[in-house]
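Here's a quick briefing on one protein chain, put together for someone who'd rather look at the coordinates than read a long report. Have the viewer open as you go.

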Amino acid sequence: MFRPMLMTACLLALVGCQSPPATAPAPEAPSAASPTSAAIQGRALYMERIAPPPGAILSVQLVDNQLADTPAAVVASADFADLKGPPFAFTLPYDPAKLRPNGQYGLHAGLRDAQGRLWFVTDTRVPVTPGSTAPVEFRMVRAGADPVAPGAGTPWEQARARGSVFRGIGTEPGWSVEVGGGAIPRLWGDLDYGERTIEVAQARRTAQGYAGSTGDGLAVALTTKKESCSDGMSDTEYPASAVLTVGDQTYRGCGRFLTE
């Protein structure tokens with residue numbers, strides 16, 4: 001009789017010592033929705049059969065072509081390390097709120113080593129349509145002997161570092177042109193929002209600027225004049241005007257003499 005009563009007492013004591021059941025935490029209030037974001041999927045490649053340099057970094061920018069060379073031109077940019085390739089796959093996020101209605105956009109990219117030296121770069125702006133789900137693939141070319149890392153200074157400073165003596169830009173449609181140094185300079189341009197490129201291997205100086213022809217015989221002339229000039233898309237004032245004629249097309253814009 002004593003043993004059953006003792007066991008019952010022990011069981012009651014154990015039950016009394018148990019902790020009360022934990023109270024389930026209250027559900028958290030839903031957080032505010034994150035801002036809408038988007039991204040451009042792409043692949044950058046080059047044709048040379050060489051491995052990327054140690055510590056290589058791919059820099060990609062989404063650029064508003066119509067605001068070229070102004071602080072508002074770069075819509076988004078990102079650096080990508082630990083590269084596998086080529087081709088180098090990337091995802092460039094951007095804020096759709098920064099896009100302008102009916103804007104024209106392009107990609108600029110460069111591959112540099114751990115010391116910041118540029119190895120490969122896009123030699124023309126790559127047209128892109130923000131919002132499209134189709135991946136963008138483009139080719140980079142080998143950089144010159146005296147490269148400038150992407151983002152190192154303004155486009156004008158980069159052109160000066162390349163040895164250019166004049167650089168001109170324009171809008172509607174977006175275009176740019178550079179003239180190298182020397183007695184018989186090289187002249188090259190990026191036209192129609194990057195859809196066309198031209199190169200005059202040996203341009204001659206004229207009273208108004210420079211003239212020559214491309215390898216396929218297309219006549220090219222660049223007229224430069226020291227005068228105040230506005231690009232019509234921003235409040236930037238330039239110290240020179242520029243008129244580029246390519247065949248029967250004329251591009252009007254502004255520029256700078258880079259050695260002054």
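The notes below go through confidence, the nonpolar cores, the sheet and two backbone oddities.

This is a predicted model, with an average pLDDT of 80 over the protein chain. There are two nonpolar cores to look at, one of 26 residues and, apart from it, another of 18. There's also an open sheet of nine strands.

**How far to trust it**
- Of the residues, 79% score at least 70 in pLDDT.
- Residues 1–35 fall below 50, and that stretch makes zero contacts in the model beyond near neighbours in sequence.
- Residues 145–151 also sit below 50, but here the model does show 14 contacts beyond near neighbours in sequence.
- Where pLDDT is low, the predicted coordinates shouldn't be read in detail.

**The two cores**
- Within the largest nonpolar core, the members that touch the most other members are Leu58, Leu62, Leu107, Leu111, Phe138 and Met140.
- Seven strands each put at least two residues into this core: β1 (38–45), β2 (57–64), β3 (74–80), β4 (88–94), β5 (105–112), β7 (126–128) and β8 (136–139).
- Leu58 is a good one to click on: leaving out residues up to four places away in sequence, its contacts include Ala44, Ala78, Phe80, Leu83, Phe88, Phe90, Leu111 and Met140.
- Not every contact of Leu58 is with a nonpolar side chain, since Asp79 is on the list too.
- The separate 18-residue core counts Phe166, Val179, Leu191 and Val200 among its members.

**The open sheet**
- Reading across, the strand order is β13-β12-β11-β10-β18-β17-β16-β15-β14, with antiparallel pairing.
- The edges are β13 (196–200) and β14 (204–205); each has a single partner strand, so one side of each has no neighbour in the sheet.
- Strands β10 (residues 164–170) and β11 (residues 175–180) run antiparallel and are joined by six bridges.
- In that pair, Phe166 stands opposite Val179 in β11, and both residues belong to the 18-residue core.

**Two positive phi angles**
- Most residues other than glycine have a negative phi, which makes a couple of loop positions worth a look.
- Asp82, in the loop between β3 and β4, has a positive phi of about 50 degrees without being a glycine.
- With a relative accessibility of 68%, Asp82 counts as exposed.
- Asn102, in the loop between β4 and β5, isn't a glycine either, yet has a positive phi of about 60 degrees.
- Asn102 is exposed too, with a relative accessible area of 74%.

Terms used:
Residues are numbered from 1 along each chain as its sequence is written. Side-chain values use heavy atoms; hydrogens and water are left out. A nonpolar core is a set of buried Ala, Val, Leu, Ile, Met, Phe, Trp, Tyr and Cys residues joined through side-chain atoms within 4.5 Å. Buried means under 20% relative accessible area, exposed over 50%, partly exposed in between (1.4 Å probe, protein chains only). Helices (H or I, at least four residues) and strands (E, at least two) are DSSP runs, numbered from the N terminus. Contact means heavy atoms within 4.5 Å. Two strands pair if DSSP finds at least two bridges between them. pLDDT is the predictor's confidence in each residue, from 0 to 100.
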